[in-house]
Amino acid sequence: MSEIAAAAPARTAPPENTVHEGKLVRHGIAARVIHWTVALFFVVALITGMPIWTPVFGWMAYLVGGLQVCRWLHPWAASAFFLMTLVMWVHWHRDMKLEEQDKGWLGPKLIEYLRFTGEDPNVGKYNGGQKLFFWAAILDALVLLLSGIVLWFPANFGQGLREISILAHDLGFIFFGVAIIAHVYLGTAAEPGTFSAMTRGTVSKAWARLHHPRWYREVTGEKKR
Ligand code: HEM
């Protein structure tokens, strides 16, 4: 080995849940690539789906070359979105197991969180809201896939199933839209310091101590105060 190679810093990415150059490594390269691929296909499915849904969003069709392109591209982009969501499930489902302290996130804890008043020292790597969002996204992706298949090949299904599928597809998509707006807001403007978790993969110690205290203690080995 040459002297230069021996002196060069290690090129392998630091593993998740460790401290690296004063920061906590939150998401490794695999998690980030999976997340942004899911997001990319989601956006393509959204842009190509909205003009099919209503002419109000007809202008979006021009972004991809017209309504005919949307009709062709939407089911394929949506299928890729579902497949990547499945990969995301494989990657994250162990971390997203709901625990005792996650109870209440559909009610009072969510309100406290949104008001920035809740301080739970036992929040681990993901809080209850993040876990619920994860499971809701998986479930919703499944609903969109199943109803989408019926709408893709309508001649193979009965009238009743087609009508249920239109309703399920619309409701599933509206729910996803609202959830994603909240998700993007919480991951960027609402909680400064969060976005870098999904870009560089790291967060500051102060961020981790504030939002995910138990995870912070597990990674740094610091004792509970
Ligand atoms: C396009 C804009 C998006 C932005 C800016 C964004 C941002 C982020 C950030 C910063 C995190 C890390 C949070 C943390 O480590 O505590 C995250 C996690 C996550 N994202 Fe996104 N995301 C986007 C789109 C999506 C989409 C389309 C999905 C679709 C399902 C998604 C699903 C998830 C899930 C399941 C997690 C883990 C749970 C959580 O932290 O909420 N994201 N995202």
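Analyst: Before we start, two residues count as in contact if their C-beta atoms, placed from the backbone, lie within 7 Å. What you're looking at is a predicted model, where local features need pLDDT of at least 70, side-chain atom pairs count only at pLDDT 80 or more, and totals for chains, interfaces and linings use all residues. Residues are numbered from 1 along each chain as its sequence is written.

User: Okay, which residues of α5 and α6 meet, then?

Analyst: On the α5 side they are Phe133, Ala136, Asp140, Val143, Leu144, Ser147, Gly148, Val150 and Leu151. Their partners in α6 include Leu161, Ile166, Phe173, Phe176 and His183. The residues of this contact divide into 13 nonpolar, six polar and two charged. Here Ala, Val, Leu, Ile, Met, Phe, Trp, Tyr, Cys and Pro count as nonpolar, Asp, Glu, Lys and Arg as charged, and the others, Gly among them, as polar.

User: How many helices and strands are there, and what makes a stretch count as one?

Analyst: The protein chain has nine helices and three strands. They are DSSP runs numbered from the N terminus: H or I over at least four residues for a helix, E over at least two for a strand. From the N terminus on, the order is α-β-β-α-α-α-α-α-α-β-α-α.

User: Why is α3 called roughly antiparallel to α5?

Analyst: Helix α3 (residues 67-92) packs against α5 at about 150°, with the axes 10 Å apart. That angle makes α3 roughly antiparallel to α5, because the label goes to angles over 145 degrees (under 35 is roughly parallel, 65 to 115 roughly perpendicular, the rest oblique). Axes are lines fitted to C-alpha atoms, for helices over the stretch in contact, and angles run from 0 to 180 degrees between N-to-C directions. By class, the contact of α3 with α5 has 13 nonpolar, two polar and no charged residues. Phe81, Trp89 and Trp92 are among those from α3, while Phe134 and Trp152 are among those from α5.

User: What about α2 and α3? At what angle do they pack?

Analyst: At about 150°, with their axes 7 Å apart. That makes α2 roughly antiparallel to α3 too. Their contact divides into 20 nonpolar, six polar and one charged residue.

User: Is the crossing of α5 and α6 left-handed or right-handed?

Analyst: Left-handed. The word applies if the near helix is turned anticlockwise from the far one by less than a right angle, and right-handed is the clockwise case. The α5 and α6 axes come within 8 Å and cross at roughly 150°. The crossing of α3 and α5 is left-handed, and α2 passes α3 in a left-handed crossing.

User: How do you know that strands β2 and β3 pair?

Analyst: Strands pair if DSSP finds at least two bridges between them. β2 (residues 23-25) and β3 have two bridges, in the antiparallel sense, and Val25 stands opposite Thr202 in β3. The whole open sheet runs β1-β2-β3 with antiparallel pairing. β1 (19-20) and β3 (202-203) each have a single partner strand, so one side of each is left without a neighbour in the sheet.

User: Which residues are closest to the ligand?

Analyst: Ala39, Phe42, Gln130, Gly187 and Ala197, out of 19 that surround the ligand. A residue is near a molecule if its C-beta atom, placed from the backbone, lies within 6 Å of it. The elements giving two or more residues to this shell are α2 (29-53), α5 (128-152), α6 (159-187) and α7 (195-199). The shell divides into twelve nonpolar, six polar and one charged residue.
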